[in-house]
Each structure stands twice: as structure tokens, then as C-alpha cells.
Amino acid sequence: MKNKKITTGSDFSGVGAFDYAIERVCNAKGFEHKRIFACDWDKFARTTYAHNHGEPLYFPKDVYDRDIPEESLDIYMTSPPCQAFSLAGKRKGKTEKRGILFFNSHEFIKVNKPRYFIFENVKGLLSDDKGRTFQEWVDMLGGKSVNGLPVLFPHDDTLDYHLYWQVLNSKNYGVPQNRERVFLIGIRDDVDNDFRFPKKQHLTKRLKDVLENKVDQKYFLSDKLLNCFIMHKDRHDLKGNGFGFNLKNNDSVASTIRANNPNCPTDNYIIQINNSKIRRLTPRECFRLQDFPETFDFSVVSNSQAYKQAGNSITVAVLEKIISNLNL
């Protein structure tokens, strides 16, 4: 008897967190994973993705030019760029082009009718436009029920799916990173509807469990940069907003891995206990904090691109646990 085959496709695929997650689940269940397509605009992310996962048979750049497969996928994964809704951005929401990429993903689901879909986005989506943006997402994705409650008056353009949504934090799923993201899981109306979000786990790991033993001197802060960060913190302390430079130690949980330049005062900086020097995380450590395997190779791009790719990614362990709870 042949193994069950799970077909998937992903938009905004990044460097393949979803691929790692689905492959782990398929390997655990004895299923075969067939990747129908992956799609990403960023040329550096595409390079890293292809280097680690192999180039898909269909690897379009633009979701607006991407063909929609006729045969329904088992799982469709999408993570529209979060900048339009992020609390760290300008919060232009739907008025910004990136903010309306949701509707492209909605169209894909409407046409392809996958058994399951997974959306991921920043927590700031919940409060964008006083909650109206997120409510529109929910109304258009969950035509049958939302978090177990039946929809009595569905949106005119809604999908025939049961929708579950929740904010999940990576630190509750075995990864020492304080990273909150909202996940929306859709289950087609004709599929067994028994989904539950994964239960929280007690965190046993800390930063020390992801740190490299030997780190190049280039990752350590110069006295000049350290003084700039301290001054930055002092200015914000005077304003009373507490926005500034916060050091971590080996027993800390990392703050959210970001996609910006790593030399930012709000990013993760740790004290090397043995010599009291202060350094930033390495790209490898950032990918470890996203639960990427040690075999993941980012050497095909610059360090600045690797930091960006880690910050833009999804924590693999969180996706893995979500997929494991689908009735594949």
C-alpha cells in the first residue's frame, strides 16, 4: 500500500519554514509530501529557499501572476507581508498595496478549495483600524463557523470554511523566543471539523541552549556603538516610554527576532558571561530561535539578508504543532 500523499502550496514562502514543518509531520505520520508550488517575490529568499529545499517545479515570483492549481490542495499556507499591519510600521493597513494581498490569498482559496488553509500574521493585525481589518478577514474566511460558533449571517463573499484563530507565542511551544503571531486555520466544510490549537508547553530551553560556542569578534559591540545605545535608552527613559536597550543573559528568553538591521537597540543583545562583553545574536542563533534545523544553510546570501530572512520567517515548531492537529 502506498503512503498517503499530502499536497501543499505556499504563497510568501520565505525560506521554507512551512516546508520544514509539513515534512516533519509527514515523516512522523508516514505520509508522502508533494509540494505543488512555492511563491515568493524576494530574490534572496528564493535563493536560500531553493538552496535548502530544491527549486519547486513551479516557483513563481508574483502572487498576482501565480496560476491556481485545478486540483484542490490538502494545505494552502499563506503569510501576506505584515508591514502594512505591524505595530512597528506606519499602520497604513488596506490603503497600502501590501495590506490588500490578503484578497489575493482569499481568491486562491475560493478557486482552489484546499482542504485546509493556514494564515499567519503579526499580532498588530488584530488592532489595525480599530479591529475592523481583522474582522473583515474573519468574515471573509469563516463562512460556516468561527472558533466553534456558527455564522448566522455570512458575508456575501465569504468562504465555506470553519475558521479557528488564536494568537500563539513561540515560547509556549518549546522555543525560547517571545514571539506572538496570529494564526487563522480554515477547514473546508466537507472535512471533519475537529481542530484544536496545540496546548501550551512548559518552556525548558533558554538563550544558552541556542548560543554558538565560538563567535566571531564582528558580532561584539564596539564601545562607540554601546554608548550610542545607552544614550538612546536614556533619551527614551526621559520620555517615559521605556523604549530602548535591554540586555539579555544566558538564562533569558529572546525578544522577537526582527527582520530589520541587527544593529538596532531594541534587538537581542546578550552578555557573554565569561568575559562580560556584549554581542548581538549570530544569524545561526536567530534561525535556531525560529526552530530551523542545523542543516539549514544560509551561506548563499549575506549576513544582512540572513538576519532579514530569519526575522521574516515563522517559527517551525509552532507550524508543526498546528499541522499535527489537522486531520490529514
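Across the whole structure, a predicted model, a search for aromatic pairs returns 18 of them. One of these joins Phe37 and Phe108, whose ring centres are 5.6 Å apart and whose planes meet at 50 degrees, so the pair is classed as tilted. Because Phe37 belongs to strand 2 and Phe108 to helix 3, this pair ties together parts that are 71 residues apart in sequence. Both partners are withdrawn from the surface: Phe37 is buried at 1% relative accessibility, and Phe108 is buried with a relative accessible area of 0%. A second geometry is represented by Phe195 and Phe197, with ring centres 5.0 Å apart and planes at 80 degrees, so this pair is edge-to-face. Phe195 and Phe197 are likewise buried. Ring pairs also link Phe102, Phe103, Phe117, Phe119, Trp137 and Tyr161 into a cluster.

Helix 3, which contributes Phe108 to the tilted pair, comprises the 12 residues 101-112. From its first C-alpha to its last, the helix reaches 17 Å, close to the 16 Å expected at 1.5 Å a residue. Its buried residues are Leu101, Phe102, Asn104, Ser105, His106, Phe108, Ile109 and Asn112; among them, Phe102 is also a member of the aromatic cluster. The buried residues of helix 3 pack against five strands and a helix, namely strand 1 (5-11), strand 2 (32-39), strand 3 (75-78), strand 4 (116-122), strand 7 (161-169) and helix 4 (132-141). The helix is followed by Lys113, for which phi is positive, near 55 degrees.

Strand 3, one of the elements contacted by helix 3, is covered on both faces. Ile75 and Met77 are buried on one side, and Tyr76 and Thr78 are buried on the other. Strand 3 pairs with strand 1 in the parallel sense over four bridges, and Thr78 stands opposite Asp11. Strand 3 is also joined to strand 4 by four bridges, again in a parallel arrangement. Here Tyr76 stands opposite Phe117 of strand 4, and Phe117 is in turn part of the aromatic cluster.

The loop between strand 4 and helix 4 holds Asp128. With a relative accessibility of 3%, Asp128 counts as buried. Its side chain makes a polar contact with the side chain of Thr133, at 2.5 Å. Thr133 falls within the residue range of helix 4 (132-141).

A separate description applies to an open sheet of three strands, which has the order 9-10-11 and mixed pairing. Strand 9 (247-248) and strand 11 (278-280) form its edges, each pairing on one side only. Strand 9 runs parallel to strand 10 (residues 269-271), and two bridges join them. Within this pairing, Leu247 has Tyr269 of strand 10 as its bridge partner.

With respect to cysteines, the count of disulfides is zero, the criterion being a pair of cysteine sulfur atoms within 2.5 Å. Cys26 is buried, its relative accessible area being 1%. Cys286 is buried as well, with a relative accessible area of 6%.

Definitions and conventions: Residues numbered from 1 in each chain as written. Predicted model: local features only at pLDDT ≥ 70, side-chain atom pairs only at ≥ 80, totals over all residues. Heavy atoms only, no water. Buried < 20%, exposed > 50% of the residue type's maximum accessible area, 1.4 Å probe, protein only. Pairing = 2+ DSSP bridges. Expected span 1.5 Å × (residues − 1). Contact = heavy atoms within 4.5 Å. Polar contact = N/O pair within 3.5 Å; in protein donor to acceptor, adjacent residues only side chain to side chain. Phe/Tyr/Trp six-rings, centres within 6.5 Å; stacked < 30°, edge-to-face > 60°.
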